[in-house]
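Hi,

Here is the structure I promised to pass on. Have a look, and then read my notes underneath.

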Amino acid sequence: MKPSVATEMREFLSDDKIVELAQKFTEDSSQRMAKIAEAVETDDAKTAAAEAHSVKGSALTLGFIECAEWARQIEQSPQDRDLCLDCISRLQSALTDIA
């Protein structure tokens, strides 16, 4: 989590609540990543882009900049199977680091 975001969040939320939000983000994003992977495999660029957009927005809100960048790449190039699969792998690794 970007330090400046964590500092801002601590003005309004307890540390426990911040941890809870991060856990919810990783759970939700993991589910969305499964949908993205399936969409990429079935050439459903619209679904891949939409799910990636949701992950990107949540990641940016919580200050997970690396996750947001991988999701952004999927969102912008959902038809590029190899790029998407690479980004999915990197995003899943980043989610594991958060959890």
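Below is what I found, starting with confidence and then moving to helix H2 and the core.

This is a predicted model, where local features need pLDDT of at least 70 and side-chain atom pairs count only at pLDDT 80 or more, while totals for chains, interfaces and linings use all residues. Residues are numbered from 1 along each chain as its sequence is written, and side-chain values use heavy atoms, with hydrogens and water left out.

The chain has a mean pLDDT (the predictor's confidence in each residue, from 0 to 100) of 91, with 98% of residues at 70 or more. Confidence is lowest in helix H1 (residues 3-10), mean 77, and highest in helix H3 (residues 45-62), at 96. Helices here are DSSP runs of H or I, at least four residues, numbered from the N terminus.

H2 covers residues 15-41 and reaches 39 Å from first to last C-alpha. Just after H2, Asp-43 takes a positive phi of about 60 degrees.

Ser-29 sits in H2 and is buried (under 20% relative accessible area, 1.4 Å probe, protein chains only), at 1%. Ser-29 touches (heavy atoms within 4.5 Å) Val-55 and Leu-95, leaving out residues up to four places away in sequence. With that exclusion again, Phe-25 has contacts including Val-55, Phe-64 and Leu-95.

The largest nonpolar core (buried Ala, Val, Leu, Ile, Met, Phe, Trp, Tyr and Cys joined through side-chain atoms within 4.5 Å) has 26 residues, and Phe-25, Met-33 and Ile-36 are among those touching the most other members. H2 gives the most to this core, 7 residues.

Cheers

How values were computed. Helices (H or I, at least four residues) and strands (E, at least two) are DSSP runs, numbered from the N terminus. The expected span of a helix is 1.5 Å times one less than its number of residues. Buried means under 20% relative accessible area, exposed over 50%, partly exposed in between (1.4 Å probe, protein chains only).
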